[in-house]
Amino acid sequence: MSLAWAAADSIDDVLDRMDAIDDALPHDDGVAYFNRMYRQVTRYVDAAVDKGFFQAGDFLERLDVHFGNLFFAAYAADVEGRPVPPAWAPLFEARRKPATHPLQFALAGMNAHICHDLPFAVVTTCREAGVEPDDGTPEHHDFTLTNEVLAVAYPTVKEWFSTGVVAVLDEAAGTVDDALAQWAIETARAAAWGVARVIHGLHRTPRLLRLFEDGHRATVAMTSRGMLV
């Protein structure tokens, strides 16, 4: 099995697989744009874990691994000719769409990964650690604290995409768009934790869980398609 889509066991593994994906894809591929942004953010989170920034660093590391593996599973499905998970389908289908700005690809990938994948990664990590995805726990505290790490990573990522019309709009908007972008990320991540709590709470009622998951996937996919118009 190719390194690029083998399941990761550590953050270092996650970064190695992202490197392999970047090497395998054309520079202007829509999935490649998302992967490069995701890789940069993961490097910042990895450094924060190593520096002891979090109360529950082990939980954050395992969350990053489970989170990354969901993206790698979508990538593997595409490479192997299998259907891509519905939440990821808009990005993979539009990855070579003309007249699409790299930022649109990155946002569609973020939408699929944060809004859809992150709740499932939270549930998996909590079950592995034997904890509940409750508010106010050390795990929830660190999950929220990760927003500060993402805020540090944002200027670097933003610079990659601030070209052409986007650069002109960015200069005109000043710091307003930065504040909105950070608010959107924090809001999406907070919503993801809430969705994780719902998924965890419905595990004893499989039919309701399936209905909820189907509706959630459809909503995320619809939002991504709108981002890629």
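Guide: In this predicted model, a residue is called buried if its relative accessible area is under 20%, exposed if that area is over 50%, and partly exposed in between.

Visitor: Why is Cys126 called buried?

Guide: The relative accessible area of Cys126 is 0%, and because the word applies to values under 20%, Cys126 is buried.

Visitor: What makes Cys115 partly exposed?

Guide: Cys115 has a relative accessibility of 24%, which lies between the cut-offs of 20% and 50%, so Cys115 counts as partly exposed.

Visitor: How many disulfides does a search of the whole structure find?

Guide: The search finds zero disulfides, a result that rests on the rule that two cysteine sulfur atoms must lie within 2.5 Å to count as a disulfide.

Visitor: What is the secondary structure of the chain made of?

Guide: The chain comes to nine helices and zero strands, and of its 229 residues, 49% are buried.

Visitor: Which residues of the largest nonpolar core touch the most other members?

Guide: That core has 59 residues, and those that touch the most other members are Phe34, Phe71, Trp88, Leu118 and Val122. Several helices give two or more residues to this core, among them helix 1 (11–24), helix 2 (30–50) and helix 8, while helix 5 gives the most, with 12 residues. Phe34, when its neighbours within four places in sequence are left aside, is in contact with residues including Phe71, Trp88 and Leu91.

Visitor: Why is the pair of Phe71 and Phe72 called tilted?

Guide: By the ring rule there are 11 aromatic pairs, and in this one the centres of Phe71 and Phe72 are 5.8 Å apart, with 45° between the planes. Rings pair if their centres lie within 6.5 Å, and planes under 30 degrees apart would be stacked and over 60 edge-to-face, so the angle in between makes this pair tilted. Phe71, with a relative accessible area of 0%, is buried, and Phe72, at 1%, counts as buried too.

Visitor: What makes the pair of Phe143 and Trp193 tilted?

Guide: The ring centres of Phe143 and Trp193 are 4.9 Å apart and their planes stand at 50°, so the pair is tilted. This pair links distant parts of the chain, with Phe143 in helix 6 and Trp193 in helix 8, 50 residues apart. Phe143 is buried, with a relative accessible area of 2%, and Trp193, for which the value is 2%, is buried as well.

Visitor: How do you know that Arg189 lies over the face of Phe143?

Guide: Arg189 is at 4.1 Å from the ring centre of Phe143, and the rule asks for CZ of Arg within 6 Å of the ring centre and within 35 degrees of the ring normal; the distance meets the first of these conditions, and Arg189 is reported as lying over the face.

Visitor: Where does His203 lie, and why is it called partly exposed?

Guide: His203 lies in the loop between helix 8 (176–201) and helix 9 (206–227). Its relative accessibility is 33%, so His203 counts as partly exposed, since that value falls between 20% and 50%. Not counting residues up to four places away in sequence, His203 touches Arg127 and Leu209.

Visitor: What does the side chain of His203 reach?

Guide: The side chain of His203 reaches the backbone oxygen of His200 at 2.4 Å, and this distance is within the 3.5 Å that a polar contact requires.

Methods:
Residues numbered from 1 in each chain as written. Predicted model: local features only at pLDDT ≥ 70, side-chain atom pairs only at ≥ 80, totals over all residues. Heavy atoms only, no water. Helix = DSSP H or I, 4+ residues; strand = E, 2+ residues; numbered from the N terminus. Buried < 20%, exposed > 50% of the residue type's maximum accessible area, 1.4 Å probe, protein only. Contact = heavy atoms within 4.5 Å. Polar contact = N/O pair within 3.5 Å; in protein donor to acceptor, adjacent residues only side chain to side chain. Core = buried A, V, L, I, M, F, W, Y, C linked by side-chain atoms within 4.5 Å. Phe/Tyr/Trp six-rings, centres within 6.5 Å; stacked < 30°, edge-to-face > 60°.
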